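Some labels given to a structure can be checked by setting a value against a cut-off. The questions below do this one label at a time.

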Amino acid sequence: MASPTIGIDLGTTYSCVAVFQHGKVEIIANDEGALTTPSCVAFTDTERIIGEVAVSQAVRNPENTVFDVKRMMGRPFSDPTVQEEMKNWPFAVVNDRGNPAIKVEYKGERRQFSPEEISSMILGKMKETAEAYLGEPITDAVVTVPAYFNNRQRSATMDAGKIAGLNIRRIINEPTAAALAYGLDKNLNGEKTILVFDLGGGTFDVSILKISSGSRFQVLSTAGETHLGGQDFDNTLVKYFADEFKKQHKKDLTESRRAMRKLKAASEQAKRTLSCSSQARVDIDSLYRGIHFNCSISRSRFEKMCGELFRRTLDSVEQALSDAKLKKSSIDDVVMVGGSTRIPKVQQLLEDFFDGKRVSKDINPDEAVACGAALQGAILGNDSNKLDLIGSVTLQDVIPLSLGIEVNGFSMMKMLERNTEIPACRSEQFSLGSDKQTSAQVKVLEGERVMTSDNNVIGEFLISGLVERPRGEPGIKVTFDVNADGILRVSAVDTKKSDNVMHITIAESNGRLSAAEVDRMMREAEQFREEDDALRKRVNVRNELEGYVIMGLRTVDQAGDDASEEDKKTARSTCNEVLEWLEKNRLAELDELTYWLQSTKEKLSPLLQKLNSGDGSRQYTPSAGSMH
Ligand code: ADP
Ligand code: MG
């Protein structure tokens with residue numbers, strides 16, 4: 001019989017491996033008997049160490065103990081996430097031809113490793129763990145990644161597998177794996193909407209998925225925070241204990257890295273204890289300057305100290321719901337994933353939020369993702385007759401931030417809204433900003449704000465050789481096309497000259513935003529929501545006014561011969577006066593704009609009615625916006 005396909009959860013802080021065997025999933029313990037292994041690799045004069053042992057020697061060897069590499073996977077060195085995270089890492093990260101590389105000393109030599117190589121060492125350890133348990137060589141694996149990982153991050157994960165000598169049969173999304181583990185895909189007639197709440201060691205991810213016909217998993221939305229998780233709760237405890245130490249011994253231990261590291265390890269242990277007991281104690285021999293430290297903490301105190309952090313998770317839940325345009329009552333199941341959801345208070349907050357709905361707890365949250373990966377492995381490994389799982393899983397992703405182009409010369413017109421499923425495509429007809437214009441700059445934007453300058457310009461191209469047309473007349477067709485791999489293609493064509501097509505292709509990894517930036521932009525959009533709403537109203541009234549007078553000018557141009565010259569002249573000058581005013585007052589206030597709109601309509605509408613009466617009213621299709 002062929003060897004099984006294992007499932008690996010390659011986590012930011014902890015990794016886990018599982019296999020489907022004898023009709024069920026088994027989580028495989030490592031050589032220390034633990035079911036999860038820290039995603040940490042250390043280099044010394046004599047050896048390379050992976051997992052818990054690497055963590056425990058970190059105090060003595062901080063520069064050569066590498067962790068958190070998942071945050072670097074598939075990102076260029078210049079990526080703001082890499083630049084930001086680097087500041088906090090005790091190991092050195094350098095620029096290796098545009099990519100980050102980790103610099104360490106290993107066996108007395110300076111060595112450089114890519115994030116893929118470090119990840120491959122962790123994957124290798126998981127592979128060995130499985131081999132030791134199964135007693136045979138293993139090559140096939142399913143590996144999980146966060147739902148928001150882009151192509152580059154996914155292929156970097158693939159590469160890490162290759163280096164480790166693994167044949168990665170498939171990369172699947174972590175929340176999908178968790179849903180598979182809970183069997184939420186089974187006995188499904190129709191559709192089910194689930195929310196996956198994944199609070200791990202350093203990151204917090206909320207995903208809403210739709211499962212239909214048992215095999216189609218669609219990611220409806222993702223939200224979360226790149227820095228919220230177990231480590232924050234550990235740090236809260238460290239601070240508390242350090243303060244207690246100061247009170248008891250009048251000494252500040254925070255200046256000693258060694259003492260802090262010891263205290264951190266003890267705090268994490270205490271935190272885990274508090275998930276099942278109401279009290280925990282730290283007891284550390286010679287913590288600082290030979291002082292023995294002994295202190296206890298109650299669960300309720302811990303809950304109070306971390307209360308705000310816990311509560312914050314609900315903001316992301318709300319965000320994911322609103323992005324998916326769902327009410328909480330339409331969530332059929334809530335799935336808890338990640339070691340930190342073992343904290344009773346976190347479970348309770350979520351249960352209360354979902355009005356007492358029971359959250360799934362029958363699988364260990366830190367094992368659920370690996371468990372789902374192993375199930376997927378069994379499906380791919382032709383073990384499927386033993387499983388009542390149907391076929392393979394196809395996944396659908398969404399656009400993380402809205403995409404659009406610049407109109408009016410200053411504002412963004414959204415072509416594809418944030419969280420639209422991909423593949424996605426939309427075309428609109430745009431007009432030109434002035435009469436004699438024969439070229440236009442197509443500025444491709446990403447973001448949620450009203451003004452171009454508040455969004456991210458991800459690409460730009462010029463379309464020239466356009467047929468001259470009156471200002472405001474639609475006819476430049478712009479198409480946004482995002483394929484299943486998340487690659488955006490924007491094209492523009494003059495509908496009167498269809499051989500004149502210009503286009504640009506923008507890959508997710510190239511210029512598009514990282515998850516951390518998406519976070520930042522969403523926060524900004526939230527912060528400026530009121531301001532932006534007001535701005536949007538102004539832009540809308542402005543567009544209406546501009547569209548109205550442009551329509552007016554066209555009516556004058558096309559008026560029948562019997563129309564009064566006097567009327568034509570008055571109408572034309574009224575329109576031009578408005579256009580001139582608009583040009584000079586790009587960002588006029590709302591009340592000014594509303595006043596102009598009203599008074600212009602009062603003045604023009606009787607005139608236009610007369611001018612129009614010749615051959616009945618003309619169809620006027622407004623453009624989606626004007627390009628400059
Ligand atoms: P990752 O973020 O790498 O996916 P996990 O989901 O395994 O990792 O979560 C690891 C985090 O879970 C760590 O911060 C760990 O301290 C925490 N954790 C594990 N078990 C418990 C527990 N019983 N109570 C509270 N926190 C726990
Ligand atoms: Mg995880």
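Q: Why is Asp 567 called buried?
A: In this predicted model, Asp 567 has a relative accessibility of 13%, and since buried means under 20% relative accessible area, the residue meets the criterion and counts as buried.

Q: Is Lys 610 buried or exposed, and what makes it so?
A: The relative accessible area of Lys 610 is 52%, and because exposed means over 50%, Lys 610 is classed as exposed.

Q: How do you know that Asp 567 forms a salt bridge with Lys 610?
A: The closest N and O atoms of Asp 567 and Lys 610 are 3.0 Å apart, and a salt bridge requires a side-chain nitrogen of Lys or Arg within 4 Å of a carboxyl oxygen of Asp or Glu, so the pair qualifies. Asp 567 belongs to helix 14 (residues 565-584) and Lys 610 to helix 15 (residues 590-612), so this contact ties together parts that are 43 residues apart in sequence.

Q: What makes the pair Asp 532 and Arg 449 a salt bridge, and which parts does the pair tie together?
A: Their side chains meet at 2.6 Å, N to O, and the limit is 4 Å, so this pair also satisfies the definition. Asp 532 sits in helix 13 (residues 529-557), whereas Arg 449 is found in the loop between strand 23 and strand 24, so parts 83 residues apart in sequence are tied together. Asp 532 and Arg 449 are both buried.

Q: How do you know that Asp 234 and Lys 271 form a salt bridge, and where do they lie?
A: With the closest N and O atoms 2.8 Å apart, the pair falls within the 4 Å cut-off, and it links distant parts of the chain, Asp 234 being in helix 6 (residues 230-249) and Lys 271 in helix 7 (residues 257-274), 37 residues apart. Both residues, Asp 234 and Lys 271, are buried. The structure holds 39 salt bridges.

Q: Why is one side of strand 21 and of strand 24 left without a neighbour in the sheet?
A: Four strands make up an open sheet in the order 21-20-23-24, with antiparallel pairing. Strand 21 (411-416) and strand 24 (456-463) stand at the edges and each has a single partner strand, so one side of each lacks a neighbour in the sheet.

Q: What makes strand 23 and strand 24 a pair?
A: Pairing needs at least two bridges, and seven bridges join strand 23 (residues 440-446) to strand 24, so the two strands count as paired. They run antiparallel, and Ala 440 has Ile 463 in strand 24 as its bridge partner.

Definitions and conventions
Residues numbered from 1 in each chain as written. Chains lettered and ligands numbered in written order. Predicted model: local features only at pLDDT ≥ 70, side-chain atom pairs only at ≥ 80, totals over all residues. Heavy atoms only, no water. Buried < 20%, exposed > 50% of the residue type's maximum accessible area, 1.4 Å probe, protein only.
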